[in-house]
Amino acid sequence: MDQREQLLLRVREGAERLSQLAQHGLNVPVGQYLDTVSLNALCISFGLDPSDWRADDLERILIIRDGLYNLRNRLRDEGDEGEHSVEQLLSGLDRLYADLERALRALGADQLSEAQRHLARGREGPQIPTVQAATAVDVLKKEATELLTQTYVSHRRIEVNFIKIEKLNIELFKNAKLIIERLSASVFAIKLSLEQSVVLQGTFKLLTEGADRVLASLRDLVAQIGKAYGATKDFLTEWSSLAEKGGRFTKMVGQFLKAIFGEEPLPDRQIEMRLQTAHQGPALLCGYPTGAGMILLGGRDGLATLFDTASARVTDQRRISEDTINAACSFGEMTAFGTDGGLGMAATVGRRQSTVTAPYRERVMAVVYPGWGAKGSEGALVTGSREGSLRRWTMASRFSEQAHIQMKRSINRILVVDDNLIVASGSELLFVDEELDIKRRVRMEQPINDVVVVDEHTLAVCGLGTIATVNLAQGVFTRLVISSSDEKYTCLFPLGEHCICVGTETGKIIAIDLNSAAEIGAIDTGFTVRGVIGAGPHRFVAFGGSWNGKGKNLAVITWKSQELAMDRT
């Protein structure tokens, strides 16, 4: 072992001793004096084996070195109580800093100079004072802290998790530990950069690209372990979640840089969402507000649920169909519902039950009541099926079909706008009149899962990896807001002027500013989100859930908007 490896090993061992001291060896909580998340990230970041150091590791470490220096100074300034514990921490930090300086000098002038030059080039690019983007920076720091906490937990559990594997591949274990350490270093370096007085575009771009490479390695590792040892290992879910959260964080940093250094409009607000309450049950697939703060929800096995948004509790629940309920809407005092068996009508839950069914058996995925028909009549219902049938029904003689057209693709959503319908069929939006004549077609890049009216001029649509807007008046595609290869967007809900929230298959609800295309808030519901319904000012109900078994299927979420102070000048 040469001098370079010996010194790097001392850095690693010093970090491990400091971590043990912070966890077990103090007579007062370390959180009284230091940010424990930063201290843990610091120790993990220096955990690299001497043989694993690469050029991009060195660049991250040079940034983290400044964080170590600041930790020492902060402890000296604030650690006036519990003197013995403070001295122990200071001694450990001082020793680690000294070992790191010696190790860096031993790396060789060429290697160290190249890393320093690379970082210096990043500092020469565009920059803005951090105070001009203070709120957005605070949001990113919070996300970084949460990601570092999750990384720390995964790092601590690596050995416990791998002990469970029979015939363990040691190289696989070492690679897993290395990837987690590099991820911690990448995110910690970004967090430290967010705490500086200026935002440097080049530095953030360098660190984010490095983090993306580490996350790609983590995803490959998860796939490799799953293939070699079976996808039932509990920690694979944990690591997949870590990779997902890391990807979302680097995406947020990228959007932040694009917003403050690009030519797109800056987001003018941040949306904070909080979970008020959650419920469990079978999967819920559809719902609509019945009035007086009540929401009717339908789902698997024909179960209908009446939910009181004021008290946040279920007031009635019963089976109104033998088939799964895919869609529902109000029809006077009745509920029209589309199921895997066709169209049905039932008295709204809470009243005497009475059910009528249509003569055709098909998988109805959408049903609306557009208010068409002669004055004094009951009006018409329109349904869309997975088989692509768009039908108009009247209640004469129970159900009577008045018109029918056949699409090439499944119909997922029907939206009533004025006296017309907007039908999502496959990857097309169809503008349809009262006679079911198609007046206009808008082709999208991906199959459409949901469509909502944002304002009098704009529609928003979402699907697999895509969120886009459409000009409502002209019926033409306007812009692609978000394109993501790893996210399935399931539903939309307008939050106000130029702002929507979108639900995902992975359980996220994300607020998006349509002007800047930036994610301006998010919350994790813990279940697949299939729909969102408003429940009063700054409050909504998200529903969905796992198709197999029972689990979380409904959440009441509150939200508030906070103005951002972001300025490129």
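These exercises walk through parts of the predicted model above, each with a worked solution.

Residues are numbered from 1 along each chain as its sequence is written. In this predicted model, local features need pLDDT of at least 70, side-chain atom pairs count only at pLDDT 80 or more, totals for chains, interfaces and linings use all residues, and side-chain values use heavy atoms, with hydrogens and water left out.

**Exercise 1. Aromatic pairs**

Task: state how many aromatic pairs the whole structure holds, and describe each pair.

Solution.

Step 1. Fix the rule. Rings of Phe, Tyr and Trp (its six-membered ring) pair if their centres lie within 6.5 Å; planes under 30 degrees apart count as stacked, over 60 as edge-to-face and the rest as tilted. A pair is described by the distance of the centres and the angle of the planes.

Step 2. Count. A search of the whole structure gives two aromatic pairs.

Step 3. Take F331 and Y369. Their centres are 4.9 Å apart and their planes stand at 70°, an edge-to-face pair.

Step 4. Place the two residues. Helices (H or I, at least four residues) and strands (E, at least two) are DSSP runs, numbered from the N terminus. F331 is in strand β8 (residues 325-331), while Y369 is in the loop between β12 (364-368) and β13 (380-385). The pair links distant parts of the chain, 38 residues apart.

Step 5. Check the exposure. Buried means under 20% relative accessible area, exposed over 50%, partly exposed in between (1.4 Å probe, protein chains only). F331 has 7%, so F331 is buried. Y369 has 34%, so Y369 is partly exposed.

Step 6. Take F493 and F540. This pair is tilted: 5.9 Å centre to centre, 50° between the planes. F493 belongs to strand β22 (residues 476-496) and F540 to strand β27 (residues 539-544), 47 residues apart. F493 is buried at 17%. F540 is buried at 0%.

**Exercise 2. A lysine in a strand**

Task: is K508 buried or exposed, and which side chain does its own side chain meet in a polar contact?

Solution.

Step 1. Locate K508. It is found in strand β24 (residues 508-513).

Step 2. Read the accessibility. The value for K508 is 14%, so K508 counts as buried.

Step 3. Find the partner. A polar contact is a pair of N or O atoms within 3.5 Å; within protein, one must be able to donate a hydrogen and the other to accept it, and residues adjacent in sequence count only if both atoms are side-chain atoms. The side chain of K508 makes such a contact with the side chain of E244, at 2.6 Å.

Step 4. List the contacts, meaning heavy atoms within 4.5 Å. Leaving aside neighbours within four places in sequence, K508 is in contact with E244, V502, G503, I523, D524 and V529.

**Exercise 3. An open sheet**

Task: give the strand order of the open sheet that holds β28, and explain why β3 and β26 are edge strands.

Solution.

Step 1. Two strands pair if DSSP finds at least two bridges between them.

Step 2. Write the order. Four strands run β3-β28-β27-β26, with antiparallel pairing.

Step 3. Find the edges. β3 (269-281) and β26 (529-534) each have a single partner strand, so one side of each is left without a neighbour in the sheet.

Step 4. Add the twist. From one strand to the next it averages 25°. Axes are lines fitted to C-alpha atoms, for helices over the stretch in contact, and angles run from 0 to 180 degrees between N-to-C directions.

Step 5. Look at one pairing. β3 and strand β28 (residues 551-563) are antiparallel over twelve bridges. Here H279 stands opposite L554 in β28.

**Exercise 4. Two hairpins**

Task: trace the chain from β8 through β9 to β10, and say which residues face each other.

Solution.

Step 1. Start with β8 and β9. They pair in the antiparallel sense over six bridges. S330 stands opposite T335 in β9.

Step 2. Inspect the turn. Two residues lie between β8 and β9 in this hairpin, and G332 in the turn has a positive phi of about 65°.

Step 3. Go on to β10. Six bridges join β9 to strand β10 (residues 342-347), again antiparallel. T339 stands opposite G342 in β10. A hairpin joins β9 to β10 through two residues.

Step 4. Check the cover of β9 (residues 334-339). Five of its six residues are buried.
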